[in-house]
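Hi everyone, thanks for making the time. I'd like to walk you through one structure today, so have the viewer open and follow along as I talk.

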Amino acid sequence: MKRVLQGDEDDSSTSSEGPTEPRKKVRQLDDEAPSTWGHLPQEILLHVFQHLPLLDRAYASQVCRSWNEAFHMPELWRCFEFELNQPATSYLKATHPDLIKQIIKRHSNHLQYVSFKVDSSTESAEAACGILSQLVNCSLKTLGLISTARPSFMELPKSHFISALTVVFVNSKSLSSLKIDDTPVDDPSLKVLVANNSDTLKLLKMSSCPHVSPAGILCVADQCHGLRELALNYHLLSDELLLALSSEKHVHLEHLRIDVVSENPGQTQFHTIKKSSWDAMVRHSPKFNLVMYFFLYEDEFGPFFRDEIPVTHLYFGRSVSKDVLGRVGLTCPRLVELVVCANGLRPLDEELIRIAERCQQLSAIGLGECEVSCSAFVEFVKMCGRRLSQLSIMEEVLIPDHKYSLDEIHWEVSKHLGRVWFPDMMPTW
Amino acid sequence: MAPNSIHWFRKGLRLHDNPALREAVRGAATVRCVYFLDPWFAGSSNLGVNRWRFLLQCLEDLDASLRKLNSRLFVIRGHPNTNEWKISRLTFEYDSEPFGKERDAAIKKLATEAGVEVIVKISHTLYDLDRIIELNGGQPPLTYKRFQTLISRMDPPELPVEPLSEAFMGTCITPVSDDHGDKYGVPSLEELGFDTEGLPSAVWPGGETEALTRIERHLERKAWVANFERPRMNANSLLASPTGLSPYLRFGCLSCRLFYFKLTDLYRKVKKNSSPPLSLYGQLLWREFFYTAATNNPRFDKMEGNPICVRIPWDRNPEALAKWAEAKTGFPWIDAIMTQLRQEGWIHHLARHAVACFLTRGDLWISWEEGMKVFEELLLDADWSVNAGSWMWLSCSSFFQQFFHCYCPVGFGRRTDPNGDFIRRYLPVLRGFPAKYIYDPWNAPDSVQAAAKCIVGIHYPRPMVNHAEASRLNIERMKQIYQQLSRYRGLGLLASVPSNGNGNGGMMAYSPGEQQPATTTSASSASHGTGTAGGSVTNGNGSGSILLNFDREDHPGPSGMQQHGYHTASDPGKGMARLYQACSSHEFAVPQHPGRLGHNAGKRERESERETAGDTETHSSHKVQRHSSEVSLKCHRHSQPTPEGQSSV
């Protein structure tokens with residue numbers, strides 16, 4: 001227990017090393033009172049072990065036979081996070097290869113919740129695939145492939161990645177959650193997923209998977225009626241998909257995340273989604289959250305926010321025009337959270353007021369490089385009042401005017417919010 | 001017998017407001033002012049030539065000023081024989097930084113054993129930092145708001161002391177030998193091995209004399225504008241200003257207390273005796289804030305083992321780092337700033353934000369430590385504490401800010417300097433581009449590039465990264481990291497605090513599908529039972545939000561909720577009354593309540609402090625909640641982890 005307090009580097013990553021030499025401290029304990037410590041009932045040991053990070057469990061396992069047995073109890077191996085990093089590309093330690101071997105040999109049938117955290121090197125992504133393809137006798141409920149830096153799965157040969165992934169799809173049969181953002185997954189592999197896990201799949205996150213087509217995701221939606229959460233890029237979104245998700249057989253959708261991304265200005269043509277499809281979705285799942293991330297150039301917003309859209313969380317990652325924000329106020333009645341990273345050179349005053357007026361659910365707003373005059377900002381806050389649980393704006397974009405100086409604004413805003421509020425500050429350095 | 005003194009200059013390269021120097025002279029027979037030069041660090045590759053030049057100019061200026069008092073500066077290289085000096089008193093300015101403290105403690109011990117009296121005085125910071133930490137219950141404040149609250153409870157800083165004068169020197173003399181210049185003179189850059197051929201003259205000349213000229217100009221300008229708010233950013237503010245003071249504060253050519261009181265006087269004069277708001281001292285307080293955060297943390301400049309730093313899986317990528325450092329990113333805005341930094345040793349603070357964000361969480365996903373090292377070499381005002389602290393801040397590795405906003409390497413510059421003159425000044429190769437394309441020349445049609453005599457990809461690099469794509473990925477990663485730290489799974493906003501003091505919350509909190517009882521709270525287990533197992537892999541259950549909620553409902557568990565209700569929902573009437581009180585009595589309106597609340601808060605603070613001191617482990621999650629809600633009560637925006645690790649430091 002003392003180790004946790006030391007804060008040294010060893011405990012920074014629990015799964016990073018295999019069993020190594022025993023700790024002296026532990027051994028002393030054992031020497032002092034071997035009879036009591038050696039005879040703890042397994043249930044109690046299990047309970048204790050569940051509180052310990054992996055590395056500590058590994059040390060403890062070398063104390064005596066009973067503790068060693070406890071170390072291998074299936075309950076302790078249900079969830080595991082493989083950290084695959086290369087010294088050349090990451091500052092973090094990796095899961096020790098011996099430990100990986102041991103898990104595959106002794107515990108792969110116990111694994112249920114597995115994630116792979118992979119750095120930006122292709123080797124790491126390859127290693128992840130290597131492990132995946134050995135998980136033949138396990139039944140996973142959760143699988144996450146997580147790129148912690150530049151996405152490296154995309155650099156693998158597609159066939160290689162897919163054959164590894166489909167091993168899990170075929171063997172698991174009861175996958176409930178799958179996170180495969182930024183990977184080369186494709187339509188045929190999704191078919192394998194559906195064929196084996198359609199009854200259990202609840203959550204699928206696959207933003208930025210360029211090899212999947214609208215037909216591929218439609219097949220998932222058609223057959224996985226328990227799907228509650230879905231994340232994908234806009235080019236996979238279709239009227240058919242929304243109708244499939246809002247069919248009678250389908251459970252209520254809880255969460256739909258759409259990333260709207262363009263690589264180069266003017267290259268991508270964006271289709272539109274019919275209002276009737278969104279209406280069907282809302283009728284079917286009245287409480288669902290629609291989260292949209294926009295990473296578009298200003299002139300690419302043409303097709304968006306022309307009709308009413310049931311978006312709840314809106315994030316504009318790039319500069320967005322006053323015009324578009326004005327349309328947001330008109331077309332997003334369900335809006336709960338709005339984040340605008342930047343807009344053009346003119347203040348956002350009227351647009352904010354309109355959003356406050358029309359978006360009655362709005363409770364969180366974050367403004368980055370968006371100039372707003374102090375009086376418009378105060379007016380906005382006044383209109384939203386206390387339902388604004390989150391209000392974040394950079395101090396330097398608030399423009400003082402005849403009514404309020406910067407010193408006064410936090411006072412006014414605090415008054416309307418009913419709590420003390422300050423603009424975000426950045427260090428003057 | 002009157003003592004023979006040595007005053008050891010490190011920072012604090014000035015004669016004004018130098019209390020330790022006065023102590024050296026007071027009642028002494030002789031005084032020698034020494035500066036130890038580490039020539040090993042200098043020379044060879046012209047690394048940090050601007051900083052070395054600044055330092056040497058400071059030393060020359062000191063020497064010149066001391067000559068006027070019939071004294072000299074002793075610049076010491078190597079190991080001189082100082083036995084003949086018969087030293088019996090040593091004075092120096094207090095150094096708050098961890099390594100400085102360690103070094104000074106060792107020196108003090110040696111000196112005392114040798115029968116030398118040691119006198120140390122605080123003059124590099126406004127306050128005694130230990131007092132601030134004491135006031136905060138033994139932990140340095142981790143949010144700027146909290147810091148301001150503490151400062152507002154303290155007495156104003158001590159007045160600066162009188163400059164060293166001939167009158168004060170009295171009978172105290174400095175024995176100077178004929179070969180003083182040879183033995184102890186200030187060396188030139190060439191002597192230190194720098195190649196000075198073609199070195200342009202310094203944009204920032206070092207020295208106390210220059211600093212004192214600048215502060216007068218600085219105040220004149222402020223008085224003339226008669227506006228004490230932060231000047232709005234424009235194209236001009238990007239350039240080095242003859243009223244800029246930061247390098248002078250860093251080397252101690254200018255006393256921060258002198259600056260502080262001159263600002264106060266000016267404000268009173270212009271605003272007719274109204275008392276100045278804390279924001280008047282912004283620049284000085286930020287510096288003080290980072291000094292305070294760093295003073296007990298020797299790992300302050302590292303991610304690993306730094307209790308206040310979030311562990312972020314940064315990419316290790318030397319090629320990309322070199323492009324950034326050498327102004328070859330292909331983004332003119334970034335490259336122009338980095339060129340200015342290398343040439344002149346200073347860049348505007350918003351320019352720092354731009355390049356720091358680009359290197360770390362915005363685009364390249366490279367560790368802030370790497371950026372900090374580059375600044376350390378190039379930036380004249382890069383104090384250890386301030387440099388590391390600012391980098392942690394800008395990379396969202398500590399101090400809890402929103403991370404939703406990444407500066408765009410195209411748009412940010414364009415808004416600041418629409419015409420692009422700043423770019424043309426530092427990147428002459430792009431001079432021919434029209435304003436329309438100067439921030440994104442790769443989008444210029446071939447004809448425009450040809451007319452500008454600059455083909456992107458040949459004369460100027462293509463952009464090294466697709467900003468839209470990079471910021472999409474990076475926002476997602478930051479979100480993932482903060483969600484893990486906060487263990488927050490529900491819908492809506494991210495929760496408050498990195499949960500464990502070691503700063504390694506990332507791994508501990510991560511529990512795909514299954515609860516780890518040690519780290520999972522009741523609230524998260526409720527929303528995250530086995531029914532929708534695996535939600536956490538995907539940060540599931542609909543957490544669409546990327547706004548960090550630092551001040552509200554997301555402290556899971558009953559205590560968090562209770563505390564929360566205390567300051568908002570439960571009794572709005574009372575809350576408002578308090579708010580008015582707070583706001584009217586203080587312009588910066590940290591909730592400094594003279595009445596009951598203040599007392600209660602203080603008491604609870606001490607309680608949580610006791611917990612921190614005591615059983616750190618068992619109650620840690622409970623304590624973190626209490627602590628954070630405590631802080632949120634004060635700051636109403638940020639929350640704060642309990643840096644257990646620091647108590648062992």
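Okay, let's start with the sheet in chain A. It's an open one with twelve strands, and the order is S1-S2-S3-S4-S5-S6-S7-S8-S9-S10-S11-S13, paired in parallel. At the edges you'll find S1, residues 79–84, and S13, residues 390–393; each has a single partner strand, so one side of each is left without a neighbour in the sheet. On average, neighbouring strands here are turned by 10° against each other, ignoring direction. And before anyone asks: yes, this is a predicted model.

Some bookkeeping on the two chains. Chain A has 17 helices and 14 strands, and its C-alpha trace spans about 80 × 50 × 40 Å along the principal axes. Of its 429 residues, 62% are buried. If you take contacts in chain A with a separation of 6 or more, 72% of them link residues 24 or more positions apart. Chain B comes out at 27 helices and five strands, with 63% of its 649 residues counted as buried. The corresponding share of contacts between residues 24 or more positions apart is 76% in chain B.

Now back to the sheet in chain A, and zoom in on S3, residues 142–147. How many residues of S3(A) are buried? Six of the six, so the strand is largely enclosed by the rest of the structure. Look at the two faces separately: A:Thr142, A:Gly144 and A:Ile146 are on one side, A:Leu143, A:Leu145 and A:Ser147 on the other, and all of them are buried.

Who sits alongside S3(A)? On one flank there's S2(A), residues 113–118, running parallel to S3(A) and joined to it by six bridges. One pair to click on is A:Val118, whose bridge partner in S3(A) is A:Ser147. To get from S2(A) to S3(A), the chain goes through helix H8(A), residues 122–132, in a right-handed β-α-β crossover.

The other partner is S4(A), residues 177–179, again parallel to S3(A), with three bridges. There, A:Leu143 stands opposite A:Leu178 of S4(A). The connection has the right-handed β-α-β form too: S3(A), then helix H9(A), residues 158–172, then S4(A).

While we're on S4(A), have a look at A:Ser177, which belongs to that strand. Is A:Ser177 buried or exposed? Its relative accessibility is 2%, so A:Ser177 counts as buried. If you want a sense of scale, the C-alpha of A:Ser177 is 35 Å from that of A:Val324, which is 147 residues away along the chain.

Next, one step along to S5(A), residues 203–205. S4(A) and S5(A) pair in parallel over three bridges, and A:Leu178 turns up again, this time with A:Leu204 as its bridge partner in S5(A). What about the helix we just passed? H8(A) packs on the sheet, where it touches S1, S2 and S3 of chain A, and its direction makes about 160° with that of S2(A).

H8(A) also meets H9(A). Their axes come within 8 Å and cross at roughly 35°, and the crossing is left-handed. From H8(A) you have A:Glu126, A:Cys129 and A:Leu132, and they meet A:His160, A:Phe161, A:Ala164, A:Val167 and A:Val168 of H9(A). Sorted by class, that contact has six nonpolar residues, one polar and one charged.

Last stop is S6(A). All five of its five residues are buried: A:Glu229, A:Ala231 and A:Asn233 point one way, while A:Leu230 and A:Leu232 point the other. S5(A) pairs with S6(A) in parallel over three bridges, and A:Lys205 stands opposite A:Ala231 there. The route from S5(A) to S6(A) runs through H11(A), and this crossover is right-handed.

In H11(A), residues 214–223, the buried set includes A:Gly216, A:Ile217 and A:Val220. Among the elements covering the buried residues of H11(A) are H10, S5, S6 and H12 of chain A.

And on the far side, S6(A) pairs in parallel with S7(A), residues 255–261, over five bridges. A:Glu229 has A:His255 as its bridge partner in S7(A), and the chain reaches S7(A) from S6(A) through H12(A), in a right-handed crossover.

That's my tour; over to you.

Notes:
Residues numbered from 1 in each chain as written. Chains lettered and ligands numbered in written order. Predicted model: local features only at pLDDT ≥ 70, side-chain atom pairs only at ≥ 80, totals over all residues. Heavy atoms only, no water. Buried < 20%, exposed > 50% of the residue type's maximum accessible area, 1.4 Å probe, protein only. Helix = DSSP H or I, 4+ residues; strand = E, 2+ residues; numbered from the N terminus. Pairing = 2+ DSSP bridges. Right-handed = clockwise from strand over helix to strand, strands pointing away. Axes fitted to C-alpha atoms, helices over the stretch in contact; angles between N-to-C directions. Contact = heavy atoms within 4.5 Å. Left-handed = near helix turned anticlockwise from the far one by under 90°. Nonpolar A, V, L, I, M, F, W, Y, C, P; charged D, E, K, R; others polar.
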